[in-house]
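Subject: Structure for you to look at

Hello,

I am passing on the structure we talked about, and below it you will find my notes on what turned up in it. Please keep it open beside this message while you read.

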Amino acid sequence: MDVSSEYFPQEDQLSILQKAVPLSQKLSAVHRIVGGHLDFVDRIAVAIYEPESDLLRTFLSSDRDGKT
């Protein structure tokens, strides 16, 4: 038995963050973990601020229904 999984049960779920997979898959994994603890979180998004245009642009998002 891996002792770290006993003390850090989220470690295996978060291991996808260290893998060479698309960012959308990583964000979906994080969304599933957060949603497992906070069921009211419907969407997680990453945005980029463009100071030249003073706009926020959605870079990546994950919805509860699995859309990215």
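A good place to begin is Gln-25, which has its place in helix H3. With a relative accessibility of 41%, Gln-25 counts as partly exposed. In sequence Gln-25 and Ser-62 are 37 residues apart, yet in space their C-alpha atoms are 9.1 Å apart. Please bear in mind throughout that this is a predicted model, and that the values in this message were computed from it.

With that residue located, here is the overall plan. The protein has 3 helices and 2 strands, and reading along the sequence gives the pattern α-α-α-β-β. Of its 68 residues, 18% count as buried. The accessible surface comes to about 5400 Å², and carbon and sulfur atoms make up 57% of that surface. If you take the contacts whose partners have a separation of 6 or more, 24% of them are between residues 24 or more positions apart.

Helix H3 deserves a slower look. It covers residues 23–37, which is 15 residues, and at 1.5 Å a residue it should span 21 Å; the C-alpha atoms at its ends are 22 Å apart, so the expected and the computed lengths agree. Which residues of H3 are buried? They are Lys-26, Leu-27, Ser-28, Ala-29, His-31 and Ile-33. When you look at how such positions are spaced, it helps to remember that an α-helix has 3.6 residues a turn, so residues three or four places apart point the same way.

One of those buried residues, Lys-26, is worth following in detail. Lys-26 lies in helix H3, and it counts as buried because its relative accessibility is 16%, where the cut-off for buried is under 20%. What does Lys-26 touch, once residues up to four places away in sequence are not counted? The residues are Ile-16, Leu-17, Lys-19 and Val-21. With Leu-17 there is also a polar approach, as the backbone oxygen of Leu-17 lies 3.2 Å from a polar atom of the Lys-26 side chain.

Leu-23 is also found in helix H3, and at 46% relative accessibility it counts as partly exposed. Together with Val-46, Ile-48 and Phe-59, Leu-23 makes a nonpolar surface patch of about 350 Å².

Next come the charged pairs. How many salt bridges does a search of the whole structure find? The search finds 2. In one of them, Asp-63 pairs with Arg-43, and the closest N and O atoms are 3.2 Å apart. This pair links distant parts of the chain, since Asp-63 is in strand S2 and Arg-43 is in strand S1, 20 residues apart. Asp-63 is partly exposed, with a relative accessible area of 24%, and Arg-43 also counts as partly exposed, at 46% relative accessibility. Arg-43 has a further partner in Ser-61, for a polar contact of 3.4 Å joins their side chains. Ser-61 lies in strand S2, and at 13% relative accessibility it counts as buried.

There is also a salt bridge between Arg-57 and Glu-50, where the closest N and O atoms are 3.2 Å apart. Arg-57 is partly exposed, with a relative accessible area of 42%, and Glu-50 is likewise partly exposed, with a relative accessible area of 26%.

Finally, please look at the loop between strand S1 (43–50) and strand S2 (55–63), where you will find Asp-54. Asp-54 has a positive phi of about 60°, although it is not a glycine. Is Asp-54 buried or exposed? Its relative accessibility is 55%, and therefore it counts as exposed. The side chain of Asp-54 is joined to that of Tyr-49 by a polar contact of 2.7 Å.

If you would like an order for your own reading, I suggest starting with helix H3 and its buried residues, among them Lys-26, then moving to the salt bridge of Asp-63 with Arg-43, and ending at Asp-54 in the loop between S1 and S2.

Best wishes

Notes. Residues are numbered from 1 along each chain as its sequence is written. This is a predicted model: local features need pLDDT of at least 70, side-chain atom pairs count only at pLDDT 80 or more; totals for chains, interfaces and linings use all residues. Side-chain values use heavy atoms; hydrogens and water are left out. Helices (H or I, at least four residues) and strands (E, at least two) are DSSP runs, numbered from the N terminus. Buried means under 20% relative accessible area, exposed over 50%, partly exposed in between (1.4 Å probe, protein chains only). Contact means heavy atoms within 4.5 Å. Accessible areas come from the Shrake-Rupley method with a 1.4 Å probe; for residues, only the protein chains shown count as cover. The expected span of a helix is 1.5 Å times one less than its number of residues. A polar contact is a pair of N or O atoms within 3.5 Å; within protein, one must be able to donate a hydrogen and the other to accept it, and residues adjacent in sequence count only if both atoms are side-chain atoms. A salt bridge is a side-chain nitrogen of Lys or Arg within 4 Å of a carboxyl oxygen of Asp or Glu. Patches are made of residues with over 30% relative accessible area and no salt bridge: like charges are joined within 9 Å, nonpolar side chains (Val, Leu, Ile, Met, Phe, Trp, Tyr) within 5 Å.
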